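The following exercises concern charged side chains and their surroundings. Please work through each task before reading its solution.

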Amino acid sequence: MPVETINWVNGKIKFIDQTKLPDKLKFVYCDDVDRLWKAIKRLEIRGAPAIGIAGALGAALGVRNSKAKNFRSFFKELKAITKILASSRPTAVNLFWALERMEDVAKANRSKPVSRIKELILEDAIKVITEDKKSCRAMARYGANLIKKGDTVLTHCNAGGLATADYGTALGVLFEAKKQGKRIKVFADETRPLLQGARLTAWELMHEGIDTTLICDNMAASLMAKGRIDKIFVGADRIASNGDAANKIGTYSLAVLAKHHGVPFYVVAPISTFDFKLKTGRDIPIEERDGDEVRTVLGKAIAPKKVKVYNPAFDVTPNGLITAIITERGIFNKPYRISLKTLKVKKLKTCL
Ligand code: MRU
């Protein structure tokens, strides 16, 4: 069983401070929206689905003590809170999806007393967690069908339990394959600059007893050239209508390498990661982070203090490089603009 990354416990948001892993498993109990904003910004809570859950719970937390006497002033307060949370990180669409969902709950119940609307928002935020758990398991089952006994898989960043409420997306597939007795081996990219692969993915895979080998990001090409990678599985932070997928910086280069070496490249993501408002990945906002993340490793300087830095946190893999997209509703193939249409309908329905 994965460790519990984020949950609602005794009126507080309980989460793992992922910046402390793998040295310390530290849980934080948060009852303050500004503290939650900081936790998302600093990557204490990270990974698209987990950020979405934090947003939903954060909205519930923020309005909990509202003294508003009518819907209008209550909704104004809710909007102010969702605005703060929305400013934490721009790329993972799960955050905006969850915040909008909480606003929709309020709007749909505007005729009810404010005290009841607060309860309904919290209930729905907790539902986001249970839905995420179910999605993780469904994606894992679909994805595990693509894995053969003895496969060696490469993954990037962390798309595991730490990025979700349960099993993870890409790593969930690997956990399920292991459970089915497929005896896989996994290479994990360290994922500079913040080392989610080394600190988090290696930790999670080893915790589940999977044969794990850590590599620096620049070693993936040579492994593929030697024929040592059978498949690549990664997560996503936002997928456009045409299947272009944003994920941790370095994912795009892996996809190009995979194409060159004939290695299947799979993206695993729940419906909440799709942004059907965007036609292509060109419109996905890419977060740029502080240059010190590149000038340092785990807080230690490795470059001249004033050297210029370019630090985008994500890149976009064009749909043509993606072999298939695995969701909780099944496996989607090219052309994605057509195949993903059914998913769009499902997403609209769950939002109603
Ligand atoms: O900056 P991070 O650590 O939040 O980036 C996370 C990723 O890129 C993950 O691969 C993505 O969110 C998928 S998580 C299931």
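**Exercise 1.** Determine how Glu293 and Arg289 interact, and which further residues belong to their network.

*Solution.* Step 1: the side chains of Glu293 and Arg289 form a salt bridge, with an N to O distance of 2.9 Å; a salt bridge is a side-chain nitrogen of Lys or Arg within 4 Å of a carboxyl oxygen of Asp or Glu. Step 2: through salt bridges with shared partners, Arg89, Glu287, Arg289 and Glu293 make up one network. Step 3: within it, Glu287 and Arg289 are bridged at 2.8 Å, N to O.

The model is predicted: local features need pLDDT of at least 70, side-chain atom pairs count only at pLDDT 80 or more, and totals for chains, interfaces and linings use all residues. Residues are numbered from 1 along each chain as its sequence is written, and side-chain values use heavy atoms, leaving out hydrogens and water.

**Exercise 2.** Is Glu287 buried or exposed?

*Solution.* Step 1: apply the cut-offs, where buried means under 20% relative accessible area, exposed over 50%, and partly exposed in between (1.4 Å probe, protein chains only). Step 2: Glu287 has a relative accessible area of 4% and is therefore buried. Step 3: Arg289, at 16%, is likewise buried.

**Exercise 3.** Which residue forms a salt bridge with Arg101?

*Solution.* Step 1: the partner is Glu131, with the closest N and O atoms 2.8 Å apart. Step 2: the two residues are 30 residues apart, Arg101 in helix α4 (residues 93-108) and Glu131 in helix α5 (residues 114-144); helices are DSSP runs (H or I, at least four residues), numbered from the N terminus. Step 3: Arg101 counts as buried because its relative accessibility is 13%, whereas Glu131, at 30%, counts as partly exposed.
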